[in-house]
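User: I've got a chain to look over. Can you walk me through it?
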Amino acid sequence: MRAYCMKLAILFALQGLFSPSLLAQQKASSPGRLVPADDGKSFLHKPSKSVFTPPAGWKTGSPEVSGDIDYLSVRKVIDVQNGKTIEVTISWSPMPLALDEFAKIEQDVLSKLYGEKEEKQDGTTRKVPVVKEREPVKAGDRNGFRIRIDDDPDRNRPDAGVIYLFEVGSGKDRYKLRIRATFPARDRNEFEKQTEALLQAFKF
């Protein structure tokens with residue numbers, strides 16, 4: 001139990017699973033681990049040697065840092081009038097654990113955070129987990145995990161989300177690449193499809 005709690009502490013420290021306002025307060029301009037690449041279009045995470053090139057239609061913020069974690073915000077506006085956007089946070093953090101262990105802990109923490117929701121089916125109401133079981137996913141030839149979040153109970157209108165986890169770099173420069181996206185739950189399949197296209201924008 002103690003070991004599990006320590007793992008949860010590591011996850012909270014590395015994942016940034018705190019409120020957006022607190023996260024914004026703790027972030028600062030990047031000290032240089034995540035930098036614009038020489039081509040003027042991409043971003044290079046120097047320790048892991050991973051490169052992200054935003055596809056057409058996606059806007060990026062400036063690199064930010066909180067401790068050992070580097071962040072990049074990415075956004076795509078789908079429908080200005082109705083406020084439909086895909087909001088993505090990409091982060092690189094050191095990896096003291098194996099990726100599959102990180103994925104399991106993250107799923108457990110998110111499941112406790114989001115709990116269950118009621119779903120009607122065949123005239124009956126049943127409770128189902130908001131956070132779905134992690135699934136294997138690939139970015140190029142890189143194996144990783146996908147964790148779907150069906151909605152966000154803290155918002156007035158339900159949002160959906162998805163998290164992708166990959167291991168990048170090697171040796172003492174092993175990093176966890178985490179891609180967290182949120183979008184309106186309606187038409188979530190289309191939004192998730194567009195989000196998943198971001199996975200092909202990385203080079204490792």
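User: How much area does the protein chain expose, and what share do carbon and sulfur atoms supply?
Analyst: The exposed area of the protein chain is about 11,200 Å², with carbon and sulfur atoms supplying 50%. Areas are Shrake-Rupley values with a 1.4 Å probe. This is a predicted model, where local features need pLDDT of at least 70, side-chain atom pairs count only at pLDDT 80 or more, and totals for chains, interfaces and linings use all residues. Residues are numbered from 1 along each chain as its sequence is written, and side-chain values use heavy atoms, with hydrogens and water left out.
User: What percentage of the residues is buried?
Analyst: Of the 204 residues, 43% are buried, meaning under 20% relative accessible area with a 1.4 Å probe, protein chains only.
User: Which residues have the most contacts inside the largest nonpolar core?
Analyst: Phe 52, Val 88, Ile 90, Trp 92 and Ile 179, in a core of 27 residues. A nonpolar core is a set of buried Ala, Val, Leu, Ile, Met, Phe, Trp, Tyr and Cys residues joined through side-chain atoms within 4.5 Å.
User: What does Ile 179 touch?
Analyst: Leaving out residues up to four places away in sequence, Ile 179 touches Val 88, Thr 89, Ile 90, Val 162, Ile 163, Tyr 164, Phe 166, Leu 199 and Phe 202. Contact means heavy atoms within 4.5 Å.
User: Switching topic: in what order do the strands of the open sheet run?
Analyst: S2-S3-S4-S15, with antiparallel pairing. Strands are DSSP E runs of at least two residues, numbered from the N terminus, and two strands pair if DSSP finds at least two bridges between them.
User: Which are the edge strands?
Analyst: S2 (34-36) and S15 (202-203), each pairing on one side only.

Technical notes. Buried means under 20% relative accessible area, exposed over 50%, partly exposed in between (1.4 Å probe, protein chains only). Helices (H or I, at least four residues) and strands (E, at least two) are DSSP runs, numbered from the N terminus.
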